Amino acid sequence: MRSFTLQDEFVDAATERAVIAAVAQNPDLFWRLHGLIPEGAFRECAETWQRITDAIRSGHQHPTLEGWTAASDPIPSTFL
């Protein structure tokens, strides 16, 4: 029998990549999103999210995400 988790049913890799790319372009977004994005929210791009956020938290240069298009509105007004 296949294991089922609710998170797996709602994975959207394109949205994950767009939000992560927006944070990579503007690290201040990380601090604004920090309390809104739960642990494990990024299923397809978890490793990239971790590398970006570790770099931001430590004040180091984060990796460049070549070919990733940033979300134009990563924080919808309904969350603010």
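How much space lies in the second largest pocket? Hold on to that one, I'll get back to it in a few minutes.

Hi everyone. What you have in front of you is a predicted model, so please keep that in mind as I go through it.

Let me start with the overall layout. The chain has 4 helices and 0 strands. Read from the N terminus, the order of elements is simply α-α-α-α. There are 80 residues in the chain, and 30% of them count as buried. Now, about contacts: if you take those between residues at least 6 apart in sequence, 69% join residues at least 24 apart.

Okay, on to helix α4, which covers residues 46–58. Do the sum with me. It has 13 residues, and at 1.5 Å a residue the helix should span 18 Å; the end C-alpha atoms are 18 Å apart, which agrees.

So which residues of α4 are buried? They are T48, W49, I52, T53, A55 and I56. These cover an arc of only 160 degrees around the axis, which puts them on the same side of α4. If you're wondering about the spacing, here's the general point: an α-helix has 3.6 residues a turn, so residues three or four places apart point the same way.

And what covers that buried side? The cover includes α2, residues 13–25, and α3, residues 28–33. Then, just after α4, G59 takes a positive phi of about 80 degrees.

Let me zoom in on two residues of this helix. The first one I want to show is T48, which lies in α4. Is T48 buried or exposed? With the cut-off for buried set at under 20%, T48 counts as buried because its relative accessibility is 13%. Not counting residues up to four places away in sequence, T48 touches I20, L65 and W68.

The other is R57, also in helix α4. R57 is partly exposed, with a relative accessible area of 45%. Leaving aside neighbours within four places in sequence, R57 is in contact with F30, W31, H34 and Q50. Take W31 from that list: R57 and W31 are 26 residues apart along the chain, and their C-alpha atoms are separated by 9.2 Å.

Next up, α2. This helix has 13 residues and reaches 18 Å from its first C-alpha to its last, close to the 18 Å expected at 1.5 Å a residue. Its buried residues are E16, A18, V19, I20, A21, A22, V23 and A24, and the buried residues of α2 pack against α3 and α4.

For contrast, look at A14, which is in α2 as well. A14 is exposed, with a relative accessible area of 57%. Where is A71 relative to A14? Along the chain the two are 57 residues apart, and their C-alpha atoms are separated by 9.7 Å.

While we're in that part of the chain, have a look at F10, found in the loop between α1, residues 6–9, and α2. F10 counts as exposed, at 66% relative accessibility. F10 and R43 are 33 residues apart in sequence, and C-alpha to C-alpha they are 9.5 Å apart in space.

Now the core. The largest nonpolar core has 17 residues, and those with the most contacts inside it are I20, V23, W49, I52, L65 and W68. The elements giving two or more residues to this core are α2, α3 and α4. Which of them gives the largest share? That would be α2, with 6 residues.

One of those well-connected core residues is L65. Setting aside neighbours within four places in sequence, L65 is in contact with I20, A21, A24, T48 and I52. You've met T48 already, and L65 is on its contact list too.

And back to the question I opened with. General background first: rolling a probe the size of a water molecule over the atoms shows where empty space is left. In this model, the second largest pocket holds about 290 Å³ of space. It is lined by 14 residues, and the closest to its centre are P38, E39, G40, W49 and Q50. α3 and α4 each supply at least two residues of that lining, and the largest share, 5 residues, comes from α4.

Notice that W49 turns up again here: it's on the list closest to the pocket's centre, and it's among the core residues with the most contacts. That's my tour, thanks for listening.

Technical notes
Residues numbered from 1 in each chain as written. Predicted model: local features only at pLDDT ≥ 70, side-chain atom pairs only at ≥ 80, totals over all residues. Heavy atoms only, no water. Expected span 1.5 Å × (residues − 1). Buried < 20%, exposed > 50% of the residue type's maximum accessible area, 1.4 Å probe, protein only. Arc of directions from axis to C-beta. Contact = heavy atoms within 4.5 Å. Core = buried A, V, L, I, M, F, W, Y, C linked by side-chain atoms within 4.5 Å. 1 Å grid on protein atoms, 1.4 Å probe; cavity = no way out; pocket = protein on both sides within 12 Å on 5 of 7 lines; lining within 4 Å. Points joined across faces, edges and corners; volume = space filled by probe spheres on them.
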